[in-house]
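Subject: Handover of a structure and notes on it

Dear colleague,

Please find below the structure that I agreed to hand over to you. I should be grateful if you would keep it open while reading the notes that come after it.

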Amino acid sequence: MTDLLYSEEEEALRSAVRDLLADHCDAPGVIARTESDAPHDLAAWKALADGMGLAGLLVPEAHGGQGATHREAAVVLEELGRAVAPVPYLTSAVVATEALLACGDEELLGRLASGRTIGALAVGLHTAPGAAFTAVRVEEGVLHGELTGVADAAAADVLLVPADDGGLYAVDSAVVTVTPQVSLDLTRPLATVTLTGAPGRRLGEAEPAVRRALRAGAGLLASEQLGLAEWTLTETVRYLKERKQFNRPVGGFQALKHRLAQLWLEVVNLRAVARGAADALATGADTEVAVAVAQAYAAGVAVHAAEEALQLHAGIGMTWEHPVHLYLKRAKADSIAYGTAGAHREALAELVDLRAP
């Protein structure tokens with residue numbers, strides 16, 4: 001049977017990442033960034049990518065990476081989810097990196113693995129692994145078109161752009177126009193990318209690269225949702241032990257105990273499907289099924305956990321100063337990232353031949 005428990009190395013990695021984020025991504029700092037024109041915390045990104053080498057976890061050692069697996073990347077994403085860290089890890093170190101691995105571009109892979117170059121796949125964040133994606137036009141060797149809903153495009157140094165000739169092109173962000181879009185999740189901003197005669201370097205075939213990248217993004221997004229759900233549950237339990245009503249801790253009331261117990265069960269199940277997806281991506285066994293199962297379940301649990309945290313924190317939870325709103329917005333945005341739960345259920349039904357009558 002597959003061992004989904006965390007290894008000693010994975011727990012050590014978790015501890016190191018959590019300590020780093022405690023120093024770089026405290027809640028007041030994240031909230032302050034969402035109010036600024038620069039929501040991405042590039043200092044935290046540098047510490048993660050350059051200081052710890054985490055940007056290259058999925059990149060083979062021969063290309064300058066760590067040669068680790070999706071299980072280790074999942075642990076990192078759990079901790080990033082716990083901190084709602086405004087860093088482009090999922091988009092650059094996972095999605096863009098997977099696209100480059102499919103194309104076999106060693107030079108750009110090495111740059112992304114170092115963390116000094118940030119990449120972004122220029123496909124809308126809402127796009128499911130099996131869905132159609134927008135491609136730009138190739139005219140006289142340059143690219144023309146507009147792509148919307150691209151996550152972390154504002155922080156990217158290079159964009160991986162699918163084109164209508166079937167190719168995937170590397171385009172320097174300096175030669176495109178990146179226009180911020182209104183986004184519910186202020187810690188993972190979206191943008192419209194406009195290309196007007198932008199030069200690009202063809203990397204390989206777009207279709208398999210984009211599919212692989214989106215599948216990895218959807219599978220490991222479940223680990224981020226797990227970290228988010230665990231933080232909201234833990235923080236809510238802590239708060240209800242401290243807050244008193246009628247001269248006794250609010251957490252002692254049976255109705256609230258039942259709500260928290262139900263939520264705990266959901267989070268435990270979420271951990272199982274998230275670990276299953278990460279392990280499937282690492283081993284290549286039943287990957288599509290594991291990813292679909294994870295995303296069919298994860299979104300609802302993460303949103304439920306954040307909503308319960310907001311409600312059970314009562315008045316303080318409704319304030320801008322308390323970070324719970326960051327978690328609710330991230331959970332809501334994640335629920336439509338890389339495909340909705342409904343889209344993944346439909347995909348799963350096709351995969352296991354249980355279509356609706």
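The notes below take the sheets and the helices in turn and end with two individual residues.

Please bear in mind that this is a predicted model.

The sheet E1-E4-E5-E8

I begin with an open sheet of 4 strands, which follow one another in the order E1-E4-E5-E8 with mixed pairing. Which strands lie at the edges? They are strand E1 (119-121) and strand E8 (201-205), each of which has a pairing partner on one side only. From one strand to the next, the twist averages 25°.

As general background, the strands of a sheet are held in pairs by backbone hydrogen bonds, in either a parallel or an antiparallel arrangement. Here, strand E5 (residues 167-172) pairs with E8 in the antiparallel sense, over 4 bridges. To find this pairing in the viewer, you may look for Leu-168, which stands opposite Gly-204 in E8.

Two helices pack on this sheet. Helix H5 (residues 89-103) touches E1, strand E4 (158-162), E5 and E8, and its direction makes about 75° with that of E1. Helix H7 also packs on the sheet and touches E1, E4, E5 and E8; the direction of H7 makes about 75° with that of E8.

Is E5 mostly covered or mostly open? E5 is mostly covered, as 5 of its 6 residues are buried. E5 is also paired with E4, again in the antiparallel sense, and this pairing has 5 bridges. Within the pairing of E4 and E5, Val-158 stands opposite Asp-172 in E5. The two strands E4 and E5 form a hairpin, with 4 residues between them. In the turn of this hairpin, Gly-166 has a positive phi of about 90°.

The sheet E2-E3-E7-E6

There is also an open sheet of 4 strands in the order E2-E3-E7-E6, and its pairing is antiparallel. Strand E2 (137-139) and strand E6 (177-180) form its edges, each pairing on one side only. The twist in this sheet averages 15° from one strand to the next. E2 and strand E3 (residues 142-151) run antiparallel and are joined by 3 bridges. In this pair, Arg-137 stands opposite His-144 in E3.

Helices H4 and H7

Helix H4 (residues 70-82) meets helix H7 (residues 206-242), the helix already mentioned above: their axes come within 7 Å and cross at roughly 40°. H4 and H7 are therefore oblique to each other. The crossing of H4 and H7 is right-handed. On the H4 side, the residues in contact are His-70, Ala-73, Ala-74, Leu-77, Glu-78, Gly-81 and Arg-82. On the H7 side, they include Leu-220, Ser-223, Glu-224, Leu-226 and Trp-231. Sorted by class, the residues of this contact are 7 nonpolar, 4 polar and 4 charged.

Helices H8 and H9

How do helix H8 (residues 254-283) and helix H9 (residues 287-312) pack? They do so at an angle of about 150°, with their axes 8 Å apart. An angle over 145 degrees counts as roughly antiparallel, and H8 and H9 are therefore roughly antiparallel to each other. H8 passes H9 in a left-handed crossing. The contact of H8 with H9 has 18 nonpolar, 5 polar and 3 charged residues.

Two residues with positive phi

Finally, two residues other than glycine deserve a look at their backbone. Val-84 has a phi near 35°, which is a positive value in a residue other than glycine. Val-84 lies in the loop between H4 and H5. Is Val-84 buried or exposed? Residues under 20% relative accessible area count as buried, and Val-84, with a relative accessible area of 2%, is therefore buried. Asp-353, also a residue other than glycine, has a positive phi near 60°. Asp-353 is found in the segment after helix H12 (341-351).

Yours sincerely,

A colleague

Technical notes
Residues are numbered from 1 along each chain as its sequence is written. This is a predicted model: local features need pLDDT of at least 70, side-chain atom pairs count only at pLDDT 80 or more; totals for chains, interfaces and linings use all residues. Side-chain values use heavy atoms; hydrogens and water are left out. Axes are lines fitted to C-alpha atoms, for helices over the stretch in contact, and angles run from 0 to 180 degrees between N-to-C directions. Angles under 35 degrees count as roughly parallel, over 145 as roughly antiparallel, 65 to 115 as roughly perpendicular and the rest as oblique. A crossing is left-handed if the near helix is turned anticlockwise from the far one by less than a right angle, and right-handed if clockwise. Contact means heavy atoms within 4.5 Å. Ala, Val, Leu, Ile, Met, Phe, Trp, Tyr, Cys and Pro count as nonpolar, Asp, Glu, Lys and Arg as charged, and the others, Gly among them, as polar. Two strands pair if DSSP finds at least two bridges between them. Buried means under 20% relative accessible area, exposed over 50%, partly exposed in between (1.4 Å probe, protein chains only).
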